[in-house]
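Let us walk through one region of this model, from its strands to its helices. Keep the 3D view open as you read.

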Amino acid sequence: MPSTPEFQQTVGKMAGFTGIALHTGEKVTLRLHPAPVDHGIKFRREDLQDEPTIDAKIDNLKMVERATTIGEGSVRVHTVEHVLAALCAMGVDNAIVEMDANEPPIGDGSAQPYVDLIKKAGVTAQEEPRKFFDVREPMHVEAKTGALLVLLPDDKFRISCTQAGPNNQFTQFLSLELTPSIFECEIAPARTFVYYEDVEALMDKNLIKGGSLENAIVVRGEAVLSKEPLRFSDEFVRHKILDIIGDLALVGRRIRGHVVAVKPGHAANAELARALAREQTRRSAMSTPRAIPIGDSGLDTGEVMNILPHRYPFLMVDRVIGFEGENKITAIKSITINEPFFQGHFPGHPVMPGVMQVEAMAQVASILLFKLTKTSSRVGYFMSADQVKFRKPVLPGDTIFIHAELTRARGNRMAKTKCYCVVNDAIVSEAELMFTFLDK
Ligand SMILES: [Zn+2]
């Protein structure tokens, strides 16, 4: 799987479908459009003058009763959680969701129609790294309803959920890791369910004109009423997980953490999303752009110098912060005004030379190759640099995160690597570097 899931993605082309809005019962057309990097998900109301857009961000959350409503100014979009869950779980970071009404088509009450739509549009990688929210310590929120959400550190996005109906009827539990294929098979088809007592009043007031057994499962006492039989014996907890994904999508970053949810609901989900957004704001306000782990997962300067023969002023790696599997490495180099090259490049206008970034990438790649081959009798030579791009200037005070990935290897004779230098979550340079191994 040499694809690059750490890169932002958008939809490949425009795609849309038409259906019925839950609350008004009227026809609505929804279209997904591609959007540039760092755009996030925005809803566009093409039925209103000037076609206003609403950012799918927790700051714009307006209501969490029965469904999630976001808005800016006087403009609203209702019931956004299922389409947001599908976009987030299928890996779409940037898109415009255009609608000619104030809520998406309800479909069959699940996220299936949106998954089908995303697959029709296709998903395509973009050129900037994804923004993550890494859970560093446990967080939790509780609500009066009995809802409890705990978020624990994890290197994947996982959800473990327990749902229970009145008198603990329909108590169900499910735990899974969120990947596009698991979402598509296990979560997306799970439909909305409602308790008859809760919707009775709304039906009487004609507030859910589009509601029917075609787009919701109705629970009345012991009876489960729906147009088609249950799709899973634990369909309810699966839908609860779907709503958690959709509501947490309002954080606007990919979560690396484990959500443990007991009797969750939109209000508690939104509370957790708010807590994450607050924590993110706090982290962004701190000067360190990213936490740099210390410990045995990486290599300290001494260990780097045991592997690389380079020395001042040519050692371009301060520390290896980690390896991912066999084929990936991330290292850092802090750039200070004391770097010797700033004296001449350029006086009064210090910019790190691009070739020094290529050198840094080559040094990091050779640490990865050294770890792979472990053949001390052979030494690697830098053979070629292709697809070299310098995207942004690197200035004194920057910390460069240098990523290298092995993309091709022929025995222990030749290796090809794809490398990136990243500063503040933006790629500043990249290159494909090739090495060959010769006997010493
Ligand atoms: Zn739902």
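In which sense do strand 17 and strand 18 pair, and over how many bridges? The model is predicted. In it, strand 17, residues 217-220, pairs with strand 18 in the antiparallel sense. The pairing runs over 3 bridges. One residue pair can be picked out: Val218 has Leu225 of strand 18 as its bridge partner. In general, strands of a sheet pair through backbone hydrogen bonds, either parallel or antiparallel.

Now take in the whole sheet. It is open, has 3 strands and follows the order 16-17-18. Its pairing is mixed. Strand 16 (193-195) and strand 18 (223-225) are the edge strands, and each pairs on one side only. On average, neighbouring strands of this sheet are turned by 25° against each other, direction ignored.

Next, look for the helix that crosses these strands. Helix 4, residues 196-204, lies across strand 16 and strand 17. It runs at about 85° to strand 16.

Then turn to a pair of helices. Helix 3 (residues 180-187) packs with helix 5 (residues 235-248) at an angle of about 140°. Their axes are 10 Å apart. Angles over 145 degrees would count as roughly antiparallel, and 65 to 115 as roughly perpendicular. The angle of this pair therefore makes helix 3 oblique to helix 5.

Which residues make the contact? Helix 3 supplies Phe183, Glu186 and Ile187. Helix 5 supplies Arg238, Ile241, Leu242 and Ile245. By class, the contact of helix 3 with helix 5 has 5 nonpolar and 2 charged residues, with no polar ones.

Methods. Residues numbered from 1 in each chain as written. Predicted model: local features only at pLDDT ≥ 70, side-chain atom pairs only at ≥ 80, totals over all residues. Heavy atoms only, no water. Axes fitted to C-alpha atoms, helices over the stretch in contact; angles between N-to-C directions. Helix = DSSP H or I, 4+ residues; strand = E, 2+ residues; numbered from the N terminus. Parallel < 35°, antiparallel > 145°, perpendicular 65-115°, else oblique. Contact = heavy atoms within 4.5 Å. Nonpolar A, V, L, I, M, F, W, Y, C, P; charged D, E, K, R; others polar. Pairing = 2+ DSSP bridges.
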